[in-house]
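Let's take a walk through this one, stopping at a few packing contacts along the way. Keep the viewer open and follow along.

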Amino acid sequence: MRILILGGDGYLGWPTAMRFSARGHEVAVVDNFARRRWHLEQSTDSLTPILPLADRIEAWRELSGKTIECRIGSVEDGEFLDEVVAEFLPEVVVHYGQQPSAPYSMRSRQTAVETQRTNVLGTLNLLFSMQTYVPDAHLIKLGTMGEYGTPNIDIEEGYIEIEHNGRSDTLPFPKLPGSLYHCSKVHDSTNIHFATRIWGLRATDLNQGVVYGIETDETALDPRLATRFDYDETFGTVLNRFCVQAVVGHPLTVYGGGGQTRGYLNIKDTLRCVELAALNPAERGEFRVFNQFTEQFSVSEIAQLVQGCGAELGYDIEVETYPNPRVELEQHYYNASNQKLLDLGLEPHPLGEELVHSLIGAIETHKDRVIFRAITPRTKWNPGELEGGALSVGQKT
Ligand code: USQ
């Protein structure tokens with residue numbers, strides 16, 4: 001297949017590009033290096049040294065004998081996207097080209113506007129480019145489990161059957177996003193669903209949980225193929241952050257009560273899920289939603305796991321409760337369905353001691369690159385510190 005990957009220089013985009021290329025697909029990547037720029041602006045960096053995109057692609061060609069095409073530009077630029085889509089004529093578009101951080105979106109009005117402009121307008125541009133040039137292509141969009149929030153009912157995969165005043169219908173599952181980043185993903189879902197219903201496009205929204213891990217089959221081939229690994233308060237996800245904190249002797253930063261429960265998955269499973277979606281496309285006019293995670297954990301459970309595994313490796317790890325900089329429920333019901341990807345053949349890599357040990361080992365290799373100041377949480381959801389934030393609306397705990 002001809003597969004276009006937007007955000008192909010990122011944590012997930014680069015390994016995905018190599019995976020499809022390794023499987024013999026024709027791959028082109030698009031990136032505007034926004035993630036590298038955001039790091040530069042806050043004087044932080046990936047823990048793993050990463051090569052410039054052109055050098056990574058060259059290293060991949062040298063090692064695998066396969067070519068990955070590359071276009072530099074922004075998804076917010078509709079003319080650029082039209083050119084890329086019209087020229088490459090993809091059969092599958094994998095869209096990771098977004099601002100992915102909840103804290104970044106909550107830092108200021110400027111970063112919130114940038115997040116929604118990049119994410120919402122980028123996806124809208126893409127929908128128009130696909131409608132015009134490749135209406136039969138399959139859009140695989142990275143959504144987020146955070147679109148649903150933490151409702152006091154079971155979370156279904158995208159839709160819920162509702163009975164109301166004696167009538168029933170299957171409708172989009174209600175959304176309670178927990179940051180302006182998560183809101184951008186909800187807006188995207190609405191626009192994509194619209195484009196499938198009205199223009200007959202085909203799309204799969206992968207509502208992904210929190211991703212952890214550093215290694216995929218392809219990144220392990222050579223250090224030049226490494227993907228980025230963020231641990232700073234803005235772009236680092238919780239398990240990756242805790243493992244770095246363990247190695248550098250920083251107390252684990254559990255926000256608030258630690259009962260916040262989310263779906264999690266290994267980066268290796270992300271690649272498999274995207275591959276399964278590509279191999280089993282949605283129908284014309286179908287907006288398919290898969291919940292993309294393999295297990296559920298609370299933040300405290302993640303901290304305990306890292307503390308225990310670290311102890312076995314000789315680390316004396318403290319777990320510290322930080323005043324929660326976010327407005328989120330710290331004790332809540334959480335039970336989300338994730339059956340659809342399993343039905344397509346996903347065989348999860350469960351989170352356990354082996355993974356944490358190998359993650360800590362990989363981090364130790366780059367320990368001298370850790371920027372200590374980047375770890376402490378600083379971005380508050382509500383700088384005014386109002387009691388009982390708006391997120392409690394609709395919650396019964
Ligand atoms: N948390 C801590 N301590 C930390 C960092 C995070 O207690 O040092 C807590 C947060 O308060 C939150 C949970 O851990 O309750 C998860 O936070 P996270 O930063 O790992 O993940 P999140 O902000 O939810 O966002 C990440 C990705 C995002 C993706 C999302 C999936 O950055 O792109 O959409 O995970 S989900 O969480 O299901 O919405």
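**A helix crossing to start with**

The crossing of α1 and α9 is right-handed. Before going further, keep in mind that this is a predicted model. Helix α1 covers residues 13-22 and helix α9 covers residues 267-279, and the two pack with axes 10 Å apart at an angle of about 55°. That angle falls outside the ranges for roughly parallel, antiparallel or perpendicular, so α1 counts as oblique to α9. On the α1 side, the contact is made by Pro 15, Thr 16, Arg 19 and Phe 20. Facing them from α9 are Ile 267, Leu 271, Val 274, Glu 275 and Ala 278. Sort these residues by class and you get six nonpolar, one polar and two charged. As for the spacing of such contacts, an α-helix has 3.6 residues a turn, so residues three or four places apart point the same way.

Stay with α1 for a moment. How many of its ten residues are buried? Nine of them are, so the helix is mostly covered, given that buried means under 20% relative accessible area. The buried set runs through Gly 13, Trp 14, Pro 15, Thr 16, Ala 17, Met 18, Arg 19, Phe 20 and Ser 21. What do these residues pack against? Besides α9, their partners are the strands β1 (2-6), β2 (26-31), β3 (68-72) and β4 (92-95), along with helix α3 (53-64). Just past the end of α1, have a look at Gly 24, which takes a positive phi of about 95°.

Now for the rings. The model has six aromatic pairs, counting rings whose centres lie within 6.5 Å. One of them joins Trp 38 and Tyr 104, with 5.3 Å from centre to centre and 45° between the planes, a tilted arrangement. This pair links distant parts of the chain: Trp 38 sits in helix α2 (residues 34-41) and Tyr 104 in helix α5 (residues 102-105), 66 residues apart. Both Trp 38 and Tyr 104 are buried.

Trp 38 also pairs with Phe 235. Here the ring centres are 6.1 Å apart and the planes meet at 15°, so this pair is stacked. Phe 235 lies in the loop between β9 (210-212) and α8 (238-248), while Trp 38 is in α2, so the pair ties together parts 197 residues apart in sequence. Trp 38 and Phe 235 are both buried. Put the ring pairs together and Trp 38, Tyr 104 and Phe 235 form a cluster.

From that loop, move on to α8 itself. It packs with helix α10 (residues 299-312) at an angle of about 35°, their axes 10 Å apart, and the crossing is right-handed. Val 238, Leu 239, Phe 242, Cys 243 and Ala 246 of α8 meet Val 299, Ile 302, Ala 303 and Val 306 of α10. By class, this contact has nine nonpolar residues, with no polar and no charged ones.

The last stop is Ser 337, in the loop between β14 (319-322) and α11 (339-343). Is Ser 337 buried or exposed? Neither label fits: with a relative accessibility of 24%, Ser 337 counts as partly exposed. Its C-alpha atom is 6.3 Å from that of Glu 157, although the two residues are 180 residues apart along the chain. Setting aside neighbours within four places in sequence, Ser 337 is in contact with Ile 155, Glu 156, Glu 157, Asn 291 and Phe 293.

Definitions and conventions: Residues numbered from 1 in each chain as written. Predicted model: local features only at pLDDT ≥ 70, side-chain atom pairs only at ≥ 80, totals over all residues. Heavy atoms only, no water. Axes fitted to C-alpha atoms, helices over the stretch in contact; angles between N-to-C directions. Helix = DSSP H or I, 4+ residues; strand = E, 2+ residues; numbered from the N terminus. Parallel < 35°, antiparallel > 145°, perpendicular 65-115°, else oblique. Left-handed = near helix turned anticlockwise from the far one by under 90°. Contact = heavy atoms within 4.5 Å. Nonpolar A, V, L, I, M, F, W, Y, C, P; charged D, E, K, R; others polar. Buried < 20%, exposed > 50% of the residue type's maximum accessible area, 1.4 Å probe, protein only. Phe/Tyr/Trp six-rings, centres within 6.5 Å; stacked < 30°, edge-to-face > 60°.
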